Every structure is written in C-alpha cells, then in structure tokens.
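Visitor: Please choose a single part of this structure and give me a close look at it. Then carry on from there to the rest.

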Amino acid sequence: MSNTDLNSKVKELRELKTMASEIADAIENVQDEIKAVMTELATDTLKGVDWKITWKEYQQTRLDTKKLEADLGDLSEYKKITTYKQFRLS
C-alpha cells in the first residue's frame with residue numbers, strides 16, 4: 001500500500017470514527033429519553049409488540065485487591081499478566 005493510499009485510509013478511518021462517535025451520542029440521547037420515561041413511570045421494564053426494555057440495578061462482587069494487598073502484603077504470586085495488542089489512532 002502506497003503512502004498516499006495509507007493516508008487516504010487513515011482519513012477514512014478518522015471520518016468513520018467521528019461518525020461512530022456521533023451515532024453513539026445519538027443512541028445515548030435516545031436511551032436517556034427512554035430512561036426518563038421509565039423513571040417517570042417508576043418502572044424497570046417496558047414492553048411493546050416486538051420489544052422489551054429493562055433498566056434496573058444489578059450487583060456484582062469483586063475482590064478489592066488494593067485492600068487485600070494492604071492487609072496481606074505482596075500478592076505477586078497470585079497475579080496473572082495478560083498480553084494483548086491494541087490498535088490506536090491519534
């Protein structure tokens with residue numbers, strides 16, 4: 001791929017990322033409007049003909065590794081390192 005082609009691809013990628021960001025914002029705005037209706041109706045579930053929306057709290061339990069390390073000291077033998085690649089455009 002030539003440098004010109006690569007520059008064109010990067011430009012296209014930036015434009016698509018901008019569009020994706022705008023779409024994500026639009027989705028969030030519509031979700032916020034629906035959440036406002038659900039709050040007004042004091043419900044965590046809405047149903048339609050071919051859809052169902054739920055918006056409710058869930059709980060999740062996780063280990064507090066900072067507290068555990070503060071209480072027990074070094075936990076390095078229990079830590080697992082994960083390696084991955086990340087694609088970034090800046």
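**A close look at helix H1 and beyond**

Guide: Start with Asp-25, which sits in helix H1. Here a helix is a DSSP run of H or I with at least four residues, a strand is a run of E with at least two, and both are numbered from the N terminus. The model is predicted: local features need pLDDT of at least 70, side-chain atom pairs count only at pLDDT 80 or more, and totals for chains, interfaces and linings use all residues. Residues are numbered from 1 along each chain as its sequence is written, and side-chain values use heavy atoms, leaving out hydrogens and water.

Now take H1 as a whole. This helix runs over residues 3-41, which makes 39 residues. How far should H1 span at 1.5 Å a residue? The expected figure is 57 Å. That expectation is 1.5 Å times one less than the number of residues. The C-alpha atoms at the two ends of H1 are 57 Å apart, so the model agrees with the expectation.

Go back to Asp-25. Is Asp-25 buried, partly exposed or exposed? Asp-25 counts as partly exposed because its relative accessibility is 42%. The cut-offs are these: buried is under 20% relative accessible area, exposed is over 50%, and partly exposed is in between, with a 1.4 Å probe and protein chains only. Asp-25 also has company. Together with Glu-22, Glu-28, Asp-32 and Glu-33, Asp-25 forms a negative surface patch. Asp and Glu count as negative, Lys and Arg as positive, while His and the chain ends are not counted. Patch members have over 30% relative accessible area and no salt bridge; like charges are joined within 9 Å, and nonpolar side chains (Val, Leu, Ile, Met, Phe, Trp, Tyr) within 5 Å. Each charge is placed at NZ of Lys, CZ of Arg, CG of Asp or CD of Glu.

Charges in H1 also pair up. Side chains of opposite charge can pair when their charged atoms come close. Lys-9 and Glu-12 join in a salt bridge, 3.4 Å from N to O. The term means a side-chain nitrogen of Lys or Arg within 4 Å of a carboxyl oxygen of Asp or Glu. Both partners belong to H1, three residues apart, or about one turn of the helix. Lys-9 is partly exposed at 44% relative accessibility. Glu-12 is partly exposed too, at 36%.

H1 also helps to give a sense of distance. Lys-9 and Trp-51 are 42 residues apart in sequence, and their C-alpha atoms are 38 Å apart. Now try Leu-13, another residue of H1. Leu-13 and Leu-89 are 76 residues apart in sequence, with 8.6 Å from C-alpha to C-alpha. At 27% relative accessibility, Leu-13 is partly exposed.

What follows the helix? Ala-42 comes just after H1, with a positive phi of about 55°. Most residues other than glycine have a negative phi, and most peptide bonds are trans. Ala-42 is not a glycine, yet its phi is positive. Its place is the loop between H1 and strand E1 (45-47). With a relative accessibility of 72%, Ala-42 counts as exposed.

Move on to helix H2. How many of its eight residues are buried? The number is zero, so H2 lies largely in the open. Within H2, Lys-67 and Asp-71 meet in a salt bridge of 3.0 Å, N to O. They are four residues apart, so about one helical turn separates them. Lys-67 is partly exposed at 48%, and Asp-71 is exposed at 53%.

A further bridge reaches out of H2. Glu-69 pairs with Lys-79, the closest N and O atoms being 3.2 Å apart. Glu-69 is in H2 and Lys-79 is in the segment after H2, so the pair ties together parts that are ten residues apart in sequence. Glu-69 is partly exposed at 30%; Lys-79 is exposed at 53%. The whole structure holds three salt bridges.

One more surface feature remains. Leu-63, Leu-68 and Leu-72 make up a nonpolar surface patch with about 320 Å² of accessible area together. Areas come from the Shrake-Rupley method with a 1.4 Å probe; for residues, only the protein chains shown count as cover. Leu-63 itself is in the loop between strand E2 (52-54) and helix H2 (65-72). It is exposed, at 69% relative accessible area. Finally, Gly-73 comes just after H2, with a positive phi of about 90°.
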